[in-house]
Each structure stands twice: as structure tokens, then as C-alpha cells.
Amino acid sequence: CVLANNHVLDFGRRGLTETLDTLARAGLPAVGAGRDCAAARRPVPVTLAGGGRVVVFACGDRSSGIPPGWAAGDARPGVDLLAGLRTGDADQVIARVRATRRPGDVTVVSLHWGSNWGYEVGSEQAAFAHRLIEGGVDLVFGHSSHHPRPLEVYRGKLILYGCGDFIDDYEGITGYEEYRDDLRLLYVAQVRRGTGELAGLTMVPLQAHRMRLRHASAADARWLAATLDRVSAPLRTRVALEPDGVLTARPAGGEP
């Protein structure tokens, strides 16, 4: 359970501690926040059948609205908060990944970053994500936006700049209707063991209605595909709607 976000301390450090205790009792490992800085930075490995692991790292950036005072300290519960999105900040994350990674692992860096609305991917965000991939990270999983944002297949690996919401109580927000935040995507990524390269990405279009999810209509699925294809094209990635109603992604000019 990724806890690096701009709401996890809405009820203070006591609330975060209660959340950590509740997750532990349920047998759900938490990543991205903890009782101190070391715990907040500690990745969660998930063992795979047949060998290897998926190792998840999680951190947040102030661009998502995380207050600086929420950062975990030596003896202070909080979030693993990045100092910024500079090359040196990416290199610090890469060093942690390399120190943990074993042969056969797939490494994921989960990032709570960016604004709630809009499709623009800033140069700083793109450079940060690219640096992570170049440093050996296999998948960059970005979130914070209330709607799906562009995605990119970079050097054969997947970068999701903003997955959008999935299940929440945000229905009814006005003033941003152009982004269709009622439409949600379920992302199913297949990653090759050993190389971390993307073998395939399927996105199932859904619609939120009264805090439940239902399949999106054919017209809404077409809108999602056309929108994501348009905003991802500058990142040399194309999105298509398949005959069975799911969306797929590929690098421009080739297969993943």
C-alpha cells in the first residue's frame, strides 16, 4: 500500500501511525511513509512465483501538494519526501534501488507528483523519470492527477506520468469537466523478467458512478483512447482502442 501522498497526514502524525498499525494488522505492507525516515524509505518486495521479486519504492514531491513539514525524520513519522526533481535527487533514489535489487527483480518507483489537472508533462518531470529508467528502474508509476495523464515507453520501459483516480469520493467536482475525471483506467502491465522491458500494456476503461466502478461506454472508451493518444504522441508513444474495448500502448513506430 503506497502511502506517499498529500493526504496521509490529514489527521496528523497520530493518524498516520494509526494507519500504519491498521495496515500491519491486515497484513498489508506499507511503503512511502513510516514511523521514521528509514521506515518511510524502506521498499516492499513482493515474491513472484518462479523466482524473482517486484520491489516497490515510493516517494512524493512537493509539486503534488505535500507540505515540507510532512517529511519523515530520524524520529518523526512522515512521508518519504523528495528534496526536488533534480538529477541528484533521482540519483539518490537510484542508489537505493541498486542497493536492494537482486538478479531477476523488477523494480518499480511510485511517485506522487504533479498537479491535479492538465496533460502537460514538464521537462523536469520527464528528465527525472528518464534518469530513473537510465539508472535501472523498470517502471515509473506516477500519480496525483485526478484523471489519466500521458504515458511514455522510454528505452523499452514504461513511465506512467499520472494514472488518475480509481476509486474515491471525489465525484461532483466542478470546473474541470473537460478532463472527464469520471473516467478511470485499470492498468495491467506485463514486464519481461531479466530486462524489465515492457512486454505489453492493457488499460481497461471504467467509469465511476456513486463510488462504484462500471465499464465505460464505447463512446467514452473512444474518447479516452483518442485523448491519451494525442497527449502521449509528443512522448513518442501511441495509444489505441482495441476491438475488445481495452486500450493498448506502444512506442511510436514499433511494438513494446
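This is a short dialogue about reading salt bridges in a predicted model.

Q: What lets two side chains form such a pair?
A: Side chains of opposite charge can pair when their charged atoms come close. Here, a search of the whole structure turns up 14 salt bridges.

Q: Let's take one case: which residue does Asp-80 meet in a salt bridge?
A: Asp-80 meets Arg-96, at 2.8 Å from N to O. The two belong to distant parts of the chain, 16 residues apart: Asp-80 sits in the loop between β4 (78-79) and α3 (87-100), and Arg-96 in helix α3.

Q: Are Asp-80 and Arg-96 buried or exposed?
A: Both Asp-80 and Arg-96 are buried.

Q: Where does Asp-138 lie, and what does its salt bridge with Arg-101 tie together?
A: The closest N and O atoms of Asp-138 and Arg-101 are 2.9 Å apart. Asp-138 is in the loop between α4 (123-134) and β6 (139-143), while Arg-101 is in the loop between α3 and β5 (106-112), so the pair ties together parts 37 residues apart in sequence.

Q: How do I read burial for Asp-138 and Arg-101?
A: Compare the relative accessible area with the cut-off: buried means under 20%. Asp-138, at 1%, is therefore buried, whereas Arg-101, at 28%, is partly exposed.

Q: Which Lys forms a salt bridge with Asp-138?
A: That is Lys-157, with the closest N and O atoms 2.9 Å apart. Lys-157 lies in strand β8 (residues 157-160), so this pair ties together parts that are 19 residues apart in sequence. Both Asp-138 and Lys-157 are buried.

Q: Which residues are joined into one network by salt bridges that share partners?
A: Arg-41, Asp-80 and Arg-96 are joined in this way.

Key:
Residues are numbered from 1 along each chain as its sequence is written. This is a predicted model: local features need pLDDT of at least 70, side-chain atom pairs count only at pLDDT 80 or more; totals for chains, interfaces and linings use all residues. Side-chain values use heavy atoms; hydrogens and water are left out. A salt bridge is a side-chain nitrogen of Lys or Arg within 4 Å of a carboxyl oxygen of Asp or Glu. Helices (H or I, at least four residues) and strands (E, at least two) are DSSP runs, numbered from the N terminus. Buried means under 20% relative accessible area, exposed over 50%, partly exposed in between (1.4 Å probe, protein chains only).
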